[in-house]
Number of protein chains: 2
Amino acid sequence: MNMFGRLRSSHVVIVGMGLMGASLGYDLRGHCRRVTGVVRRPEAVAETETSGCVDDVTMDVEQAVADADIVVLATPVRTILQQIDALGPRMKPGAVLLDMGSTKEAICRAMDALPQHVQPVGGHPMCGKEIAGLSAAEPGLYRGCTFVLCPLPRTSPDAMALVHELVTFIRAQPLILEPKRHDRLVAAISHLPYLGAVGLVAHVMAVAQEDPLVWKVAASGFRDTTRVAASDVRMLLDILLTNQPAVLTAVDDLIAQLSSFREALAQQNEEELRARLEAIAKQRRDWQKNFETH
Amino acid sequence: MNMFGRLRSSHVVIVGMGLMGASLGYDLRGHCRRVTGVVRRPEAVAETETSGCVDDVTMDVEQAVADADIVVLATPVRTILQQIDALGPRMKPGAVLLDMGSTKEAICRAMDALPQHVQPVGGHPMCGKEIAGLSAAEPGLYRGCTFVLCPLPRTSPDAMALVHELVTFIRAQPLILEPKRHDRLVAAISHLPYLGAVGLVAHVMAVAQEDPLVWKVAASGFRDTTRVAASDVRMLLDILLTNQPAVLTAVDDLIAQLSSFREALAQQNEEELRARLEAIAKQRRDWQKNFETH
């Protein structure tokens, strides 16, 4: 089989028409043989049809995946785990199963238990919004973002080539990582920032018990540092619970970092504080420059 | 003297042509008798003139304030403390001294020690950017933001009326607070989020020691939660050191909050986690709605 141009002749079935699934639909529709969206709620059928992000919509996931060349699971992590078990065996020989879940170790383990005729690849696009759902979806969401891929030892070069074609077609940058390494890195840059934001809001809520005016003085600094605390809790709970060891380690280090800044401030150790804050500000500015040029 | 329209006939001297001072200049220039900018560095004279944010620029702060009807101190907190002592006594009888420092207790204490002929008012506009300096300044920066005012017991109603006129003229919303209360509230919504962001970057820097790829997977969640960690360190050091007790209390509570989330996650206490994360997400969304309608 020709390894190039396979995406164009593929029937892509996207399970879950939330922010990620529907945005993927927008990018792929018209460029594949057919793009099917799978939804769970009856109301979502008409909503998805109206949005125009896919060629057709169905609630019959088992039938849909049986005809797919590529199945993309775009649901919360623990739903993905169930879907791998339930749907994988119904797929065609050689069909590719890609997921877009935010943790990868548990998912790749489940993928490894699939029948050999399925070609599984773990995936995680590093983009998103704190607003979930179809209405937040948009074409071009993946443009420029890092798209982590976790092929399994059993994954064929053909399957990886097709996934690579899909990822680069939506203008994302593929980055191949071991599942365990992925989970440790995203604990640091995504799951810990979520818990940090949650902790900041929890603190302001505690202060507000005594002085509700605190909400009135909160401004752009509070807005940005805590934006992710408004994220979809169901999605985040799945993430935290399937990446628990790495998240606990990260939280412990954040508490240690905060305690150490607290000590320097308690001792009014101005020189130490200045040196550390300057190094952190510089590092943050350097990262921003790289991030923007992507 | 007529209490209205006094701003129009006032000579306003803004000490410090950074983000806040220069933005104030943009908003006031052409609407006051004269707007003078005071800078410290010789290069800043031409830069400020070129920007057009004030009518004239000088490095001679002592002469400038002697002619002012309103002096606005737009420098870091500990510089403000020095300037209150040095410049206050040189001001005209009845002239108003307003500052825009981020902490208020130490500043208002210093203001209270001024000669009686000066009319001091503590101020803190709740807006800003992580980028400092004249080049980041813009007209309309204060529009819609809460502008905390801390009048002293000695401050005359006339002086407060003039400051109120200035604040509402730049479309900010005045909010009168006791200095101690202000400092406790901003510790929660500004100084703690800064330290939280600093802690998150410090954690990623520690992870990067072993795996530099962590910077590559960092995306919009990391960008937003840590944006303020790139803030001007000199300004932030002044803030932390002049609001030390409130900041230490806030850090202690954040550590307690994080520890409690850590415990719930360690025990996989899903129901508790869900209930708390949902309450926090809802509170954060409610706040955002109010903030946006300002």
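Okay, let me start with a term: by a nonpolar core I mean a set of buried Ala, Val, Leu, Ile, Met, Phe, Trp, Tyr and Cys residues joined through C-beta atoms within 7 Å. Keep in mind that what we have here is a predicted model. With that definition, the largest nonpolar core has 210 residues. And which residues have the most contacts inside that core? They are A:V71, A:V72, B:V71 and B:V72.

Let's zoom in on one of those, B:V71. Leaving out anything up to four places away in sequence, B:V71 touches B:V13, B:V15 and B:V65, and also B:L87, B:M91, B:A95 and B:L97.

Now the sheets. In chain B there's an open sheet of eight strands, with mixed pairing, and the order reads β3-β2-β1-β4-β5-β6-β7-β8. At the edges you find β3 (56–58) and β8 (173–176) of chain B; each has a single partner strand, so one side of each has no neighbour in the sheet. From one strand to the next, the twist averages 25 degrees.

Chain A also has eight strands in an open sheet, ordered β3-β2-β1-β4-β5-β6-β7-β8, and the pairing there is mixed too. Its edges are β3 (56–58) and β8 (173–176) of chain A, each with a single partner strand.

As a quick reminder, strands of a sheet pair through backbone hydrogen bonds, either parallel or antiparallel. So in which sense do β5 and β6 of chain B pair? Strand β5 (residues 96–99) and strand β6 (residues 119–125) of chain B go in the parallel sense, over three bridges. If you want to find the spot on screen, look for B:V96, which stands opposite B:Q119 in β6(B). Over in chain A, strands β5 and β6 also pair in the parallel sense over three bridges, and there A:L98 has A:V121 as its bridge partner in β6(A).

There's a helix on this part of chain B as well. Helix α5 (residues 105–112) lies across β5, β6 and β7 of chain B, and runs at about 165 degrees to β6(B).

One stop on chain A before we get to the interface: A:M59, in the loop between β3 and α3 (61–66) of chain A. A:M59 has 13 other C-beta atoms within 10 Å, so A:M59 is partly exposed. Setting aside neighbours within four places in sequence, A:M59 is in contact with A:V39, A:R40, A:P42 and A:V45. The C-alpha of A:M59 is also 5.6 Å from that of A:V38, which is 21 residues apart from A:M59 along the chain.

Right, how do the two chains meet? Contacts involve 81 residues of chain B and 81 residues of chain A. Several elements give two or more residues to the chain B side, including β7 (146–151), α9 (220–226) and α12 (270–292) of chain B. The largest share is from α7(B), with 20 residues. By type, the chain B side splits into 52 nonpolar, 17 polar and 12 charged residues.

Last bit, the symmetry. A turn of 180 degrees, with a shift of 0.0 Å along the axis, lays chain B on chain A with an RMSD of 0.0 Å. That's the relation of a two-fold axis. Which C-alpha of chain B is nearest the axis? That of B:T225, 1.9 Å from it. And 100% of the interface residues of chain B are also interface residues in chain A, so the copies meet through the same surface.

How values were computed: Residues numbered from 1 in each chain as written. Chains lettered and ligands numbered in written order. Predicted model: local features only at pLDDT ≥ 70, side-chain atom pairs only at ≥ 80, totals over all residues. Contact = placed C-beta atoms within 7 Å. Helix = DSSP H or I, 4+ residues; strand = E, 2+ residues; numbered from the N terminus. Nonpolar A, V, L, I, M, F, W, Y, C, P; charged D, E, K, R; others polar. Pairing = 2+ DSSP bridges. Axes fitted to C-alpha atoms, helices over the stretch in contact; angles between N-to-C directions. Buried ≥ 20, exposed ≤ 12 C-beta atoms within 10 Å, placed from the backbone. Least-squares fit on C-alpha atoms with pLDDT ≥ 70 in both.
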